[in-house]
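Hi,

Here is the structure I promised to pass on. Have a look at it first, and then read my notes below.

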Amino acid sequence: MAAEMYALLHESGNVASIHDLVHSEIRAHGWSFVSGQAGEVLANKWVVFTNAAGIEQ
């Protein structure tokens with residue numbers, strides 16, 4: 001999903017282009033395939049990303 005988001009952002013130059021993808025990921029958030037400390041790091045970075053993109057969770 002990250003690669004798809006990057007490609008859409010690169011192509012459009014507009015954060016709105018990833019709105020649907022981000023909301024799909026938000027629905028799946030918490031169902032991480034990565035456990036332990038690494039999963040926690042990913043979860044925290046996801047929050048930073050969505051906040052920076054101005055996308056409400």
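**Notes on helix H3 and its surroundings**

Let's start with Leu42: its relative accessibility is 46%, so Leu42 counts as partly exposed. Do keep in mind that this is a predicted model.

Leu42 sits in helix H3. Together with Phe33 and Val34, Leu42 makes a nonpolar surface patch of about 360 Å².

Next, the aromatic rings. How many aromatic pairs does the structure hold? The answer is one. The partners are Trp46 and Phe49, with ring centres 5.6 Å apart and planes at 35°, so the pair is tilted. For that label, the angle has to be neither under 30 degrees (stacked) nor over 60 (edge-to-face).

Where do these two sit? Helix H3 covers residues 36-52, and because Trp46 and Phe49 are three residues apart in that helix, about one helical turn separates them.

And are the two partners buried or exposed? Trp46 has a relative accessibility of 14%, so Trp46 counts as buried. Phe49, on the other hand, has a relative accessible area of 29% and is therefore partly exposed. The cut-off behind this is that buried means under 20%.

One more residue to look up is Thr50, which also lies in helix H3. With a relative accessible area of 0%, Thr50 is buried. A polar atom of the Thr50 side chain lies 3.1 Å from the backbone oxygen of Val47.

Over to you, and enjoy looking around!

Cheers

Technical notes
Residues numbered from 1 in each chain as written. Predicted model: local features only at pLDDT ≥ 70, side-chain atom pairs only at ≥ 80, totals over all residues. Heavy atoms only, no water. Phe/Tyr/Trp six-rings, centres within 6.5 Å; stacked < 30°, edge-to-face > 60°. Helix = DSSP H or I, 4+ residues; strand = E, 2+ residues; numbered from the N terminus. Buried < 20%, exposed > 50% of the residue type's maximum accessible area, 1.4 Å probe, protein only. Patch = residues over 30% accessible without salt bridge, like charges linked within 9 Å, V, L, I, M, F, W, Y side chains within 5 Å. Areas by Shrake-Rupley, 256 points an atom, 1.4 Å probe, with all protein chains shown as cover. Salt bridge = Lys/Arg side-chain N within 4 Å of Asp/Glu carboxyl O. Polar contact = N/O pair within 3.5 Å; in protein donor to acceptor, adjacent residues only side chain to side chain.
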